[in-house]
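Me: Please take a close look at a single strand of this structure, together with its surroundings. I should like one connected account.

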Amino acid sequence: MEFKRKNIISIAELSADEILHILDTASSMKEVTSRNMKKVPTLKGITVVNLFFEPSTRTRSSFEIAEKRLSADILNFTSSQSSVVKGESLSDTAKNLESMGASIIVIRHPMSGAPWVLARETSASIINAGDGRHEHPSQSLLDLFTIRQVKGKIENLNVLIVGDILNSRVARSNINGLLKLGAKVKLVGPGSLVPDYFEQPGVKIFYNLEKALEDVDVIIMLRVQKERKSLEYFPSIREYSRFYGLTGENLKIAKNDVTIMHPGPINRGVEMTSEVADDSRSVILEQVTNGIAVRMAMLYLTASWRSNNL
Amino acid sequence: MKEKTLLSSKDLERKTTRIVHEILEDNNDNNDIAIVGIKTRGEYLGRRIVEEINTIEKKEIPFGTLDITLYRDDLRNNLALPELKETNIPFNVENKTIILVDDVLFTGRTIRAAIDAVMDFGRPANIKLAVLVDRGLRELPIQADYIGLSIETVSSQKIKVFLKEKDKKDKVVLLYNNGI
């Protein structure tokens, strides 16, 4: 199968076959990351720009390692230390980066839709590393990869997403990806953070964590996003964690072999207790490892599209 | 295109057996050899070779497979990229004699990529090359150590290798246009 996309901006636009193709490519990349010499020459001479308009440690370093393992030339660009502070527009920034020879731009932006704008304005390939409350495709792909690795399949699994669904781009991407691959999705959180409009075929909404946990194969915990004002939607963190925090006790309701995931960074004692975070069924650190392989696959497939079509 | 059979199933078996014996003759202290098949058909040939060596020598020679896609030089040269397949080198290559196995030796670019890939796993003592068919027309200074069949070709011709494991039959054919 040939990958027919110049950009990877959302899970919503990908077909199930395209998602599986990315996951299969990521499996081969994972083999590379498990070698002693973890570098291949595939993207030698190709310039990749990491354009980050929002603080990020995990995603940015994961993309950076992925780029380095593929031997790309890297330019890191963060909004706080750049011309953006001097008033440059997003499309002007992009055009300048393109003039410097950037082939692929990895962008993280607080505004939903910013990667689309960029894709329209430049001829570089755009990889969305998270835009506002819209999508976070690389996180979703690494979650799907990890679920497939642990469970051997995604179809017909019961996956529960817990927390601030309203403000979460991880949730939006994951709901799209899980449904496309045939999983059943449950959402749970305070009513103010789980609006009705998320209900659709394959998605069920709950407000009670204990009820939602019944018969669940995978739990994806979302972070309480202080920067996206999660806190304005419920009375207090203490109350939130009492009702929606995962503990050793309520975890017993889920299936015995339930898999616990979290996109990080964890607020220990808020979304889950330390006991749960360090439980043998928690694959939070495996998600981080898999993130590198998945991002290598995204870079490789976009670069191969460029080599075939430009 | 017209078709001419170069090797029948029986020929192919004899050629493989001869390669096996040449490998053993060259490496009489064969404690340090390992066979690495280059995906896709080199993997099947490599597996046949290693199984024959193991039967004759009554031991377990290490065997691995290599996908060289990530090492190709055409990502920057507008050529279609095949899908990635899994590489699996389950042994330490340090100080071993690595025998690369492929079906057809042509431009030498695949082998150049394979050598780079093996080197990334460590520093072997030697790297040797076994191929079923050497069709000439090299673009790089690369040569095979063990060759089933050497044949002069022109670049418009094609060599097709069929192997039971993938193609349901064993056969090597030459495809050519009228005249050449």
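Reply: Two strands count as paired if DSSP finds at least two bridges between them. Helices (H or I, at least four residues) and strands (E, at least two) are DSSP runs numbered from the N terminus. This is a predicted model, in which local features need pLDDT of at least 70, side-chain atom pairs count only at pLDDT 80 or more, and totals for chains, interfaces and linings use all residues. Residues are numbered from 1 along each chain as its sequence is written, chains are lettered from A and ligands numbered from 1 in the order written, and side-chain values use heavy atoms, without hydrogens or water.

Strand β5 (residues 126-134) of chain B is largely enclosed by the rest of the structure, because seven of its nine residues are buried (under 20% relative accessible area with a 1.4 Å probe, protein chains only). Strand β4 (residues 97-105) of chain B pairs with β5(B) in parallel through eight bridges; there, B:I127 is the bridge partner of B:I98. β5(B) also runs parallel to strand β6 (residues 146-150) of chain B, joined by four bridges, and B:V131 faces B:I147 of β6(B). Together with helix α3 (residues 109-119) of chain B, β4(B) and β5(B) form a β-α-β unit that is right-handed (clockwise from the first strand over the helix to the second, with the strands pointing away from the viewer).

Beyond four places in sequence, the contacts of B:L100 (heavy atoms within 4.5 Å) include B:I127, B:K128, B:L129 and B:A130, as well as B:I111 and B:I115. B:L100 is also among the residues with the most contacts inside the largest nonpolar core, which has 84 residues; such a core is a set of buried Ala, Val, Leu, Ile, Met, Phe, Trp, Tyr and Cys residues joined through side-chain atoms within 4.5 Å. A second, separate core of 30 residues includes B:A130 and B:I151.

Methods:
Buried means under 20% relative accessible area, exposed over 50%, partly exposed in between (1.4 Å probe, protein chains only).
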